[in-house]
Amino acid sequence: MGLAVMILGLALFLGVHTLPAQRELRGRTIAAMGEGGYKLAYALVSVLGIALIAWGFAHYRAAGMIDVWEGLVPAKALVILKHITIALMLPAVILVVAAFMRGHIYTAVKHPMLAGVKLWAAAHLLANGDLGSIILFGSFLGWAVFDRISLKHRSDGGGPPIPVGGWGNDMIAVAVGIIVYLALAFAFHPVVIGVPVVGV
């Protein structure tokens, strides 16, 4: 039941997030609903999707996760993979922050939000070999790859350009990224997710 709810949530959340890539469909939707209606519906579906993903994954874990490859990997290799995941998460978080604090990182990577999501998803696939995790993180990785490819083929530039700053923005992105990374590692992951990542 939990896995089915999580998949439904993924379909809603990632489904609505593919809409910006479909420019004609997006245009028709905005024409029918209005700009405000479109943004409201987009936000509501996104929030509902996230809620279903969280609820479904929590219940899937509580019912007993379904191992796919984790049981086939030696314990020492699993520890190494988890350490790699912890290391990869720092640049992933910094990239996501750099999407909002635009500086040289943003200019060099072009789409740091998508790069951060891809790194986050790939890192978690390394550390989790159960069916639910593979579906969850594999879906986000697939969406990020799809969206990055679609950006190369869009005929318009999307929203209005946002000014790009200098090294100051990069320093802020790195500093905030480190703070968020530490909060995720020491507070969010063990308390909210229920899985400690430090000292394991």
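Is Trp120 buried, exposed or partly exposed in this structure? Keep that in mind as you go through these notes, and remember that the model is predicted.

1. Let's settle the opening question. Trp120 has a relative accessibility of 25%, so it counts as partly exposed. The cut-off for buried is under 20%, and that is why a value of 25% doesn't qualify. Phe140, on the other hand, is at 10% and therefore counts as buried.

2. Now put those two rings together. The structure holds five aromatic pairs. One of them is a tilted pair formed by Tyr38 and Tyr42, with 5.9 Å from centre to centre and 45° between the planes. These two tyrosines sit four residues apart in helix α2, so about one helical turn separates them. It's worth remembering a general point here: an α-helix has 3.6 residues a turn, so residues three or four places apart point the same way. Tyr38 is buried, with a relative accessible area of 7%.

3. Trp120 and Phe140 make another aromatic pair, this one edge-to-face, at 5.4 Å centre to centre and 85° between the planes. Trp120 belongs to helix α5 and Phe140 to helix α6, so their pair ties together parts 20 residues apart in sequence. Have a look around them too: Phe13, Trp120, Phe137 and Phe140 form one aromatic cluster.

4. Next, the largest pocket. Its volume is about 1,500 Å³, and 42 residues line it. Trp120 turns up again here, since Trp120, His124, Phe137, His189 and Ile193 are the lining residues that lie nearest the centre of the pocket. The elements that each give two or more residues to this lining are α1 (2-17), α2 (23-63), α3, α5 (112-127), α6 (131-153) and α7 (167-193).

5. What kind of residues make up that lining, and which helix gives the largest share? The lining of the largest pocket divides into 31 nonpolar, seven polar and four charged residues. Helix α3 supplies the largest share, with eight residues.

6. While you're at α3, find Thr85, which is in this helix (residues 75-98). Its relative accessibility is 7%, so Thr85 counts as buried. Setting aside neighbours within four places in sequence, Thr85 is in contact with Ala123, His124, Leu126 and Ala127. You've met His124 already, among the residues nearest the centre of the largest pocket.

7. Helix α7 deserves a slow look. Trace along it and you'll come to a kink of about 45°, centred on Leu184. The buried residues of α7 are Asp170, Ala173, Gly177, Tyr181, Ala185 and His189. Their cover includes α3, α4 (104-109) and α5. After the helix comes Gly194, which has a positive phi, near 85°.

8. Last one: Ile172, also in α7. Buried, exposed or partly exposed? Ile172 has a relative accessible area of 40%, so it is partly exposed. Not counting residues up to four places away in sequence, Ile172 touches Met101 and Gly177, and Gly177 is one of the buried residues of α7. Check Ile94 as well: Ile172 and Ile94 are 78 residues apart in sequence, and their C-alpha atoms are 9.6 Å apart in space.

Technical notes. Residues are numbered from 1 along each chain as its sequence is written. This is a predicted model: local features need pLDDT of at least 70, side-chain atom pairs count only at pLDDT 80 or more; totals for chains, interfaces and linings use all residues. Side-chain values use heavy atoms; hydrogens and water are left out. Buried means under 20% relative accessible area, exposed over 50%, partly exposed in between (1.4 Å probe, protein chains only). Contact means heavy atoms within 4.5 Å. On a 1 Å grid over the protein atoms alone, a cavity is a set of points where a 1.4 Å probe fits but cannot get out, and a pocket is an open set with protein on both sides within 12 Å along at least five of seven lines; lining residues have an atom within 4 Å of a point. Grid points are joined across faces, edges and corners, and a volume is the space filled by probe spheres set on the points. Ala, Val, Leu, Ile, Met, Phe, Trp, Tyr, Cys and Pro count as nonpolar, Asp, Glu, Lys and Arg as charged, and the others, Gly among them, as polar. The bend at a residue is the angle between axes fitted to the seven residues ending there and the seven starting there. Rings of Phe, Tyr and Trp (its six-membered ring) pair if their centres lie within 6.5 Å; planes under 30 degrees apart count as stacked, over 60 as edge-to-face and the rest as tilted.
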